[in-house]
Amino acid sequence: MNIPYHKIVREIDERGLGDRSKDKPRDLVLILAKAKMDHLINEMQAGNCNDDLPSGFTSANEWVVLTGDQVVTHAGNILEKPDSVAQAKQFVTGYARSPCSTVGSCVLTHLPSGIQVSGVDTATIHFKPTITGDIIDNLLKEDAPVLSCAGGLMIEHPLTREHIDRIEGTEDSVMGLSKDLVIRLLGDLRQKLIENAK
């Protein structure tokens with residue numbers, strides 16, 4: 001996207017937020033991304049991120065802070081990061097029977113104004129019936145972080161790619177952050193800032 005950025009990670013207890021049995025996937029990922037935003041901004045304002053911020057950062061500077069979240073949905077269930085190798089294999093085995101979808105959110109907050117915009121993007125992945133749970137073992141042998149990916153999905157890896165029939169949506173959306181969504185939200189944020197300045 002050719003946008004300069006600086007990465008700061010502050011963990012939250014994601015599993016303690018939302019209701020996976022009742023929340024719609026798009027609502028859940030927005031709840032999580034907004035909770036991440038609240039936590040990150042609180043940490044920044046409390047001075048707990050000073051070592052992670054670029055030199056010259058002050059609260060008087062203008063910044064756009066981005067947070068996001070993603071889940072995979074399959075057969076009516078919300079799948080997050082697998083708890084175990086066995087669960088990752090279970091997820092992947094299901095993908096051979098029916099398509100899965102990624103549901104990803106993005107929240108942008110302008111500092112110091114606090115003006116915020118958010119959105120959700122979805123993509124659907126159709127796998128060939130050739131994909132099996134064995135792919136998880138093969139990915140782990142190559143040190144692929146499958147247990148850190150929602151639904152155990154790593155479509156960017158060549159071992160997985162050969163089993164993909166087609167993707168409805170964009171590959172970057174499947175991988176966790178839709179470029180189109182970010183660009184649209186930057187435009188929305190700009191418009192809100194202009195309206196706020198009037």
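## A buried tyrosine and its partner

Let's start inside the protein: Tyr95 is buried, with just 1% relative accessible area. Keep in mind that this is a predicted model. Phe127 counts as buried too, at 8% relative accessibility, since the cut-off for that label is under 20%.

These two residues belong together. The structure holds one aromatic pair. Its members are Tyr95 and Phe127, with ring centres 5.7 Å apart and planes at 15 degrees, so the pair is stacked. Tyr95 sits in helix α2 (residues 85–97), while Phe127 belongs to strand β4 (residues 116–127), so the stacking ties together parts that are 32 residues apart in sequence.

## The overall layout

Stepping back, what does the secondary structure of the protein chain come to? The tally is six helices and five strands. Reading from the N terminus, the order goes α-β-β-α-β-β-α-α-β-α-α. The chain's radius of gyration is 18 Å, close to the 16 Å that the globule rule gives for 198 residues, so the protein is as compact as a globular protein of that length. As for its extents, the C-alpha trace spans about 55 × 35 × 35 Å along the principal axes.

Contacts across the sequence are well represented here. Take the contacts in the protein chain with a separation of 6 or more: 72% of them are between residues 24 or more positions apart.

## Burial, surface and charge

How much of the chain is tucked away? Of its 198 residues, 39% count as buried. The accessible surface comes to about 11000 Å², and carbon and sulfur atoms own 48% of that.

On the charge side, the protein chain carries 21 positive and 28 negative side chains. The centres of those two sets lie 4 Å apart.

## Asp23, ahead of the first helix

Asp23 is found in the segment before α1, the helix covering 25–45. Is Asp23 buried, exposed or partly exposed? With 23% relative accessibility, Asp23 counts as partly exposed, because that class runs between the 20% and 50% cut-offs.

Look past the neighbours within four places in sequence, and Asp23 is in contact with Gly18, Leu28, Ile31 and Ile78. Ile78 deserves a second look: Asp23 and Ile78 are 55 residues apart in sequence, yet their C-alpha atoms are 9.4 Å apart in space. Ile78 itself falls within β2 (77–79).

## Backbone oddities in the loops

Where does a cis peptide bond turn up? Going from Leu111 to Pro112, the peptide bond is cis, with omega near 15 degrees. Pro112 is in the loop between β3 (100–111) and β4.

Two other loop residues have a positive phi without being glycines. For Ala75, phi is about 50 degrees, and this residue lies in the loop between β1 (63–74) and β2 (77–79). Ala75 is exposed, with a relative accessible area of 62%.

For Asp143, the positive phi is about 60 degrees. You'll find Asp143 in the loop between α3 (134–141) and α4 (158–161). Asp143 is exposed as well, its relative accessible area being 70%.

Notes: Residues numbered from 1 in each chain as written. Predicted model: local features only at pLDDT ≥ 70, side-chain atom pairs only at ≥ 80, totals over all residues. Heavy atoms only, no water. Helix = DSSP H or I, 4+ residues; strand = E, 2+ residues; numbered from the N terminus. Rg over C-alpha atoms; globule rule 2.2 N^0.38 Å. Buried < 20%, exposed > 50% of the residue type's maximum accessible area, 1.4 Å probe, protein only. Contact = heavy atoms within 4.5 Å. Areas by Shrake-Rupley, 256 points an atom, 1.4 Å probe, with all protein chains shown as cover. Lys, Arg positive; Asp, Glu negative; His and termini not counted. Charge placed at Lys NZ, Arg CZ, Asp CG, Glu CD. Phe/Tyr/Trp six-rings, centres within 6.5 Å; stacked < 30°, edge-to-face > 60°.
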